[in-house]
Amino acid sequence: NAGYLTDGMMITAEYCEGRVVGIDPPMFVELRVTETTPNIKGAAVQNTSKPAKLETGLEIKVPPYIEEGDRVKVDTRTGEFVERL
């Protein structure tokens with residue numbers, strides 16, 4: 001779950017004998033894309049995706065129209081792209 005965590009984020013932590021043994025991030029997080037391949041104009045958009053690295057180091061698949069610097073919403077339960085913000 002560390003790839004979903006950012007500074008100042010509210011999370012739920014699970015403790016056992018005074019030690020954190022697990023964390024639950026929010027259901028959805030908003031993260032900035034730091035690296036991805038450029039969009040190819042005129043390329044077919046049908047069910048294609050490309051890899052993108054997010055500000056936390058997490059890598060996910062995103063639609064071809066996503067560019068570096070975009071903010072995206074990610075479902076933390078599945079690790080999948082939800083929408084561009």
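Helices (H or I, at least four residues) and strands (E, at least two) are DSSP runs, numbered from the N terminus. The model is predicted, so to speak of local features pLDDT must be at least 70, and side-chain atom pairs count only at pLDDT 80 or more, while totals for chains, interfaces and linings use all residues. Residues are numbered from 1 along each chain as its sequence is written, and side-chain values use heavy atoms, with hydrogens and water left out.

**Exercise 1. Confidence**

State the mean pLDDT of the chain, and identify the strands where confidence is lowest and highest.

Solution. The quantity pLDDT is the predictor's confidence in each residue, from 0 to 100. For the chain, its mean is 88. A value of 70 or more is reached by 91% of the residues. Next, turn to the individual elements. Strand 2 has the lowest confidence, with a mean of 88, and strand 6 has the highest, at 96.

**Exercise 2. The hairpin of strand 1 and strand 2**

Determine how strand 1 and strand 2 run and how many bridges join them, then describe E17 in the loop between them.

Solution. Begin with the pairing, for which DSSP must find at least two bridges between two strands. Strand 1 and strand 2 run antiparallel and are joined by five bridges. Strand 1 covers residues 12-16, and strand 2 covers residues 19-24. Within this pair, T12 stands opposite D24 in strand 2.

Now consider the loop. Two residues lie between the strands of this hairpin. E17 is located in the loop and has a positive phi of about 55 degrees, although it is not a glycine. Its relative accessibility is 78%, so E17 counts as exposed; the classes are buried under 20% relative accessible area, exposed over 50%, and partly exposed in between (1.4 Å probe, protein chains only).

**Exercise 3. Contacts of A13 and G22**

List the contacts of A13 and of G22, leaving out neighbours within four places in sequence.

Solution. A contact requires heavy atoms within 4.5 Å. A13, in strand 1, is in contact with V20, G22 and I23. G22, in strand 2, touches T12, A13 and E14. Two distances complete the picture. The C-alpha atoms of G22 and T12 are separated by 8.5 Å, with their positions ten residues apart along the chain counted as their spacing. A13 and P25 are twelve residues apart in sequence and 8.8 Å apart in space, C-alpha to C-alpha. As to accessibility, A13 is partly exposed because its relative accessible area is 31%.

**Exercise 4. The five-stranded sheet**

Give the strand order of the open sheet and explain why one side of each edge strand lacks a neighbour.

Solution. The sheet has the order 5-4-3-6-7, with antiparallel pairing. Strand 5 (59-62) and strand 7 (80-84) stand at the edges with a single partner strand each, so one side of each is left without a neighbour in the sheet. Neighbouring strands are turned by 50 degrees against each other on average, direction ignored; the axes are lines fitted to C-alpha atoms, for helices over the stretch in contact, and angles run from 0 to 180 degrees between N-to-C directions.

Proceed to the pairs. Strand 3 (residues 28-36) and strand 4 (residues 50-54) pair over three bridges, and E35 stands opposite K53 in strand 4. Strand 3 also pairs with strand 6 (residues 71-75), over five bridges. In that pair, L31 stands opposite V72. Strand 6 and strand 7 pair over four bridges. Their hairpin has four residues between the strands, and G79 in the turn has a positive phi of about 75 degrees.

**Exercise 5. The surroundings of K73**

Name the residues that stand opposite K73 and the ring over whose face K73 lies.

Solution. In strand 3, E30 stands opposite K73 of strand 6. In strand 7, E83 stands opposite K73. K73 also lies over the face of F28, at 4.8 Å from the ring centre; the criterion is NZ of Lys or CZ of Arg within 6 Å of the ring centre and within 35 degrees of the ring normal.

**Exercise 6. A residue before strand 1**

Classify L5 as buried, partly exposed or exposed, and list its contacts beyond four places in sequence.

Solution. L5 lies in the segment before strand 1. Its relative accessible area is 27%, so L5 is partly exposed. L5 is in contact with I11, I23, P25 and T56. L5 and V29 are 24 residues apart in sequence, and their C-alpha atoms are 8.4 Å apart.
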